[in-house]
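Me: Could you take a close look at one part of this structure for me, the last helix, and tell me how that part fits with the rest of the chain? A connected walk-through would be lovely.

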Amino acid sequence: MLPELRGPTTLTAVRRAGISLLVIAIIGQLGWVAELVLHTHLSPLRTVTSALAVPGQPFAPVFRAAELVAGVALVLAVPPLLRLAPVHNRARGTMVLVGMLGVLYLVRGIFPLECRAVAAGGCIP
């Protein structure tokens, strides 16, 4: 039989899990910083970060993996954060938005752009 989850040790474990998942998500969201050492031949000042994951770009799997890690971590962070959030609607709404952001990162990682957007409004395959 499983022990009951009560007391301050449970809240400490939930808090650590939620914070750890948020830190992992932040590291995943900062995956574009790897562009500074991976030499993708794209200017970080003139391109959007999703252009780094376009198929055919060098190191595209690395940037897609970073987006997937961020998405999974954000989605998994929602239940512990909901446990810690007060019963106010704003706090619960914030947790729902964090989960939705995670889903968007997952969708962007699974279905990357098919071409690289340029400033003129066009698209380069």
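Reply: Happy to. One term before we start: a polar contact here is a pair of N or O atoms within 3.5 Å, where, within protein, one atom must be able to donate a hydrogen and the other to accept it. Please also keep in mind that this is a predicted model.

Let me set the scene with the whole chain. There are 4 helices and 2 strands, and they come in the order α-α-α-α-β-β along the sequence. Your helix is therefore H4, since helices are numbered from the N terminus. The chain has 125 residues, and 31% of them count as buried. Its accessible surface is about 8,500 Å², with 71% of that belonging to carbon and sulfur atoms. Among the contacts with a separation of 6 or more, 62% are between residues 24 or more positions apart.

Now to H4 itself, which runs over residues 89-110. Its 22 residues, at 1.5 Å a residue, should span 32 Å, and the C-alpha atoms at its ends are 31 Å apart, so the expected and modelled values agree. Which residues of H4 are buried? They are Ala91, Met95, Val98, Gly99, Gly102, Tyr105 and Gly109. These residues cover an arc of only 115° around the axis, which means that they sit on the same side of H4. On the face turned away from that buried side you will find the exposed residues Asn89, Arg90, Leu97 and Leu104.

Gly93 also belongs to H4. With a relative accessible area of 32%, Gly93 is partly exposed, because that class lies between the 20% limit for buried and the 50% limit for exposed. The C-alpha atom of Gly93 is 9.7 Å from that of Leu82, a residue 11 positions away along the chain.

What does the buried side of H4 join? Two of its residues, Val98 and Tyr105, are part of the largest nonpolar core, whose 7 residues also include Ala25, Ala70, Ala73, Leu74 and Val78. Both H3 and H4 supply at least two residues of this core, and H3 gives the most, with 4 residues. Apart from this core lies another, of 6 residues, and Ala91 of the buried side is among them, as are Leu21, Ala77 and Ala85. In soluble globular proteins, nonpolar side chains tend to be buried together. To see a link between H4 and the rest of the larger core, start at Ala70: leaving out residues up to four places away in sequence, Ala70 touches Tyr105 as well as Ala25, Gly28 and Gln29.

Finally, let us step away from H4 to the loop between helix H2 (35-38) and helix H3 (60-84), where Thr40 is placed. Thr40 is buried, with a relative accessible area of 3%. The side chain of Thr40 makes a polar contact of 3.1 Å with the side chain of Glu35. Glu35 is also one of the residues that Thr40 touches beyond four places in sequence, along with Leu52, Gln57, Pro58, Phe59 and Phe63. Ala51 lies in the loop between H2 and H3 too, and Ala51 is buried, with a relative accessible area of 0%. From Ala51 you can look across to Leu113: these two are 62 residues apart along the chain, yet their C-alpha atoms are separated by 7.1 Å.

Methods
Residues are numbered from 1 along each chain as its sequence is written. This is a predicted model: local features need pLDDT of at least 70, side-chain atom pairs count only at pLDDT 80 or more; totals for chains, interfaces and linings use all residues. Side-chain values use heavy atoms; hydrogens and water are left out. The expected span of a helix is 1.5 Å times one less than its number of residues. Buried means under 20% relative accessible area, exposed over 50%, partly exposed in between (1.4 Å probe, protein chains only). The arc is that of the directions from the helix axis to the C-beta atoms. Contact means heavy atoms within 4.5 Å. Accessible areas come from the Shrake-Rupley method with a 1.4 Å probe; for residues, only the protein chains shown count as cover. A nonpolar core is a set of buried Ala, Val, Leu, Ile, Met, Phe, Trp, Tyr and Cys residues joined through side-chain atoms within 4.5 Å.
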